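Me: Here is a structure I would like to go through in questions and answers. Please keep the replies short and end each on what was asked.

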Number of protein chains: 2
Amino acid sequence: MKVTIKDVAREAEVSVATASMAINNKRGVNAETRNKVLKIAQKLAYVPNYSARSLVTKDSRSIGLLVPEIINPYYSSIVDIMAKLAEQKGYTLLLGISNSKSRTEKMYIESFMERRVLGVIVVPMLRDHPDIGHLEMLRTEKIPMVFCTETYDGCTEPCVMCDFSSGEYEMTRYLLNQGLKNICFLNVRMDANFTKLRLHGFMKAMDEMGITAPEENLFYVEEPNFQAAYDITDSILERGPEAIICINDMMTLAIMKRLDERGVRIPEDISVAGFDDMMFAELAQKPITTVRQPLADICRQTMDILEGEIKGGARRAPAGKQRIVSIRPELVIRNTTK
Amino acid sequence: MKVTIKDVAREAEVSVATASMAINNKRGVNAETRNKVLKIAQKLAYVPNYSARSLVTKDSRSIGLLVPEIINPYYSSIVDIMAKLAEQKGYTLLLGISNSKSRTEKMYIESFMERRVLGVIVVPMLRDHPDIGHLEMLRTEKIPMVFCTETYDGCTEPCVMCDFSSGEYEMTRYLLNQGLKNICFLNVRMDANFTKLRLHGFMKAMDEMGITAPEENLFYVEEPNFQAAYDITDSILERGPEAIICINDMMTLAIMKRLDERGVRIPEDISVAGFDDMMFAELAQKPITTVRQPLADICRQTMDILEGEIKGGARRAPAGKQRIVSIRPELVIRNTTK
């Protein structure tokens, strides 16, 4: 027959409530009694009935994390860091992979709410103006929400993100200072901060040096993936660039592969620079010059803000103003630039 | 004031139970009534109180997935595939990243049980003989468990995994047939099926060709990561190999990097082969010859077995015998081998 908490209490000569407090590590029971109960629980091979317990535990201590995908190491790194931070803070992390679909993101939000999450971290979907009506459910239930790495337009919840503009500005200045002037810029055709701010930084650095980047040097892919960047490389080459700046490392790897196939030497013939500093940037056959997004910092500050809101109640910025915490990235010069 | 289900029911002139069934998409209400209720719910901007609902919904329809890490694309791919399969089947997937620590795996199991998971998929920790006493909690509560890609010794729950032995056997035969005889094999020093079976396949192919692989051609790293493989490459080179077989693609990339630095041409001077066929094997500057683990198949069969056990009750193999479903991998010949 299965050992119950009553058996443990009887054997330890304490009340069921005391035995329960000892086993669940709650206050209200002294160290001596606690040790006695735990020893007896072990002796009797008592296993707590978690299913029953969850029905009465109101505070689930869970938080939800939404990411647009998990294959790209950029997002799996975020999940990895967030899981460790949540563990440190005693939260269980519930993960939702939206695949950039509103329907899926909505499903996860509902699932998070059914599991009584205390707060939600949103890494936004990768698409133009997605339907985000489902976020209203969180607001109605007063569940705090913090955006991470990017925000949706029109939202007023806090957002922690990389200062994309200053990162691309510094990279462009570095290349210009190396004497490279004919620079092509490969972006994603998406109406989002992470595309607009990077372009802004690039243009600002060019302007300051008195160089107007011709419209023809700005290239766009529809999806920020390897194949798209590989396919567009031949068109970029037709502009005869001295350098190519790419808005992420994954696409930079693709450009490098195509340049290699075309017999173009990096950096002797063309310098190439990425963004993110994902693991493979350093491990690549030729380590990539890139801009390091301080992901650990971004994640930690996101979690801290969320925890603050969970503990203190959501603190909103004055009417309609979103609080953006902008974290400065770092230039990492390796072997793909002169 | 907040709109409740009672307000919706009154306005729609139906009972609260009917309104609830309509809104929660349950059977027992006809299409006409359902539409009427949904329209009124929308008109009144009714938002279901999910927190309250979860207290009475016993069937949480969640399953837990444990993985040892998430940064390696091999594991993020598993998470990605499992999340999609779970969504298709109407389960919410709860993720636990153990970082190969028993303490963490135990914490996630407890958290899964508190959330009343219907079953758990375990991708085992990457270490020798870890403490797995916590799995007993699942058995006590009769929560089905299925192992994926690898199993712990002594467990009798089903396991779906790649046929590592036949994969490495085929790869070795391929290289031998190309006339390469002095082959070095880079393994991980870990007492696990995924290391032993690969070695077994390698030795079997060598034996069949009447070649005894000298003990000195077998190399081991402590951790299956990039740096460890990079560091050991110089020692492997001292054996003057015609080919190097490596038990994963990540380590193969590391070897290739070091060979490149040493001026060794691949495959002209040395052929190099990996295992897994993770995304970067194909996208690498020089696409890698490897053994493709049929991850989609492995994940689908794992999920199907778990679903069967959830629906039909855990079916155990006869006393102490573990059911192993072995999925045949596929040779993928690319540019790193002659």
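Me: What distance separates the centres of domain 1 and domain 3 of chain A?
Reply: This is a predicted model, in which local features need pLDDT of at least 70 and side-chain atom pairs count only at pLDDT 80 or more, while totals for chains, interfaces and linings use all residues. Residues are numbered from 1 along each chain as its sequence is written, chains are lettered from A and ligands numbered from 1 in the order written, and side-chain values use heavy atoms, without hydrogens and water. The assignment for chain A gives domain 1 (5-56), domain 2 (62-162 + 295-328) and domain 3 (164-293), with bounds from an automatic or database domain assignment. Taken over C-alpha atoms, the centres of domain 1 and domain 3 of chain A are separated by 61 Å.

Me: How many residues of chain B are in contact with chain A?
Reply: Contact means heavy atoms within 4.5 Å. On the other side, chain A contributes 56 residues. For chain B the number is 56.

Me: What is the area buried between chain A and chain B?
Reply: Buried area is the accessible area (1.4 Å probe) that two parts lose on being put together, summed over both. Carbon and sulfur atoms give 59% of it here. The total between chain A and chain B is about 4,900 Å².

Me: How many residue pairs are in polar contact across this interface?
Reply: A polar contact is a pair of N or O atoms within 3.5 Å; within protein, one must be able to donate a hydrogen and the other to accept it, and residues adjacent in sequence count only if both atoms are side-chain atoms. Salt bridges (a side-chain nitrogen of Lys or Arg within 4 Å of a carboxyl oxygen of Asp or Glu) number zero across the interface of chain A and chain B. Residue pairs in polar contact there, both at pLDDT 80 or more, number nine.

Me: What kind of axis relates the two copies?
Reply: With least-squares superposition on the C-alpha atoms of residues with pLDDT of at least 70 in both, chain A can be laid on chain B with an RMSD of 0.1 Å by a turn of 180° and a shift of 0.0 Å along the axis. The two copies are therefore related as by a two-fold rotation axis.

Me: Which residue meets A:Arg198 in a salt bridge?
Reply: Over all chains, the whole structure has 46 salt bridges. The one made by A:Arg198 has an N to O distance of 3.4 Å, and its partner is A:Asp276.

Me: Where is A:Pro267, which a cis peptide bond joins to A:Ile266?
Reply: Most peptide bonds are trans. The bond between A:Ile266 and A:Pro267 is cis, with omega about 0°. A:Pro267 sits in the loop between H11 and S9 of chain A, where helices (H or I, at least four residues) and strands (E, at least two) are DSSP runs numbered from the N terminus. The place asked for is thus the loop between H11 and S9.
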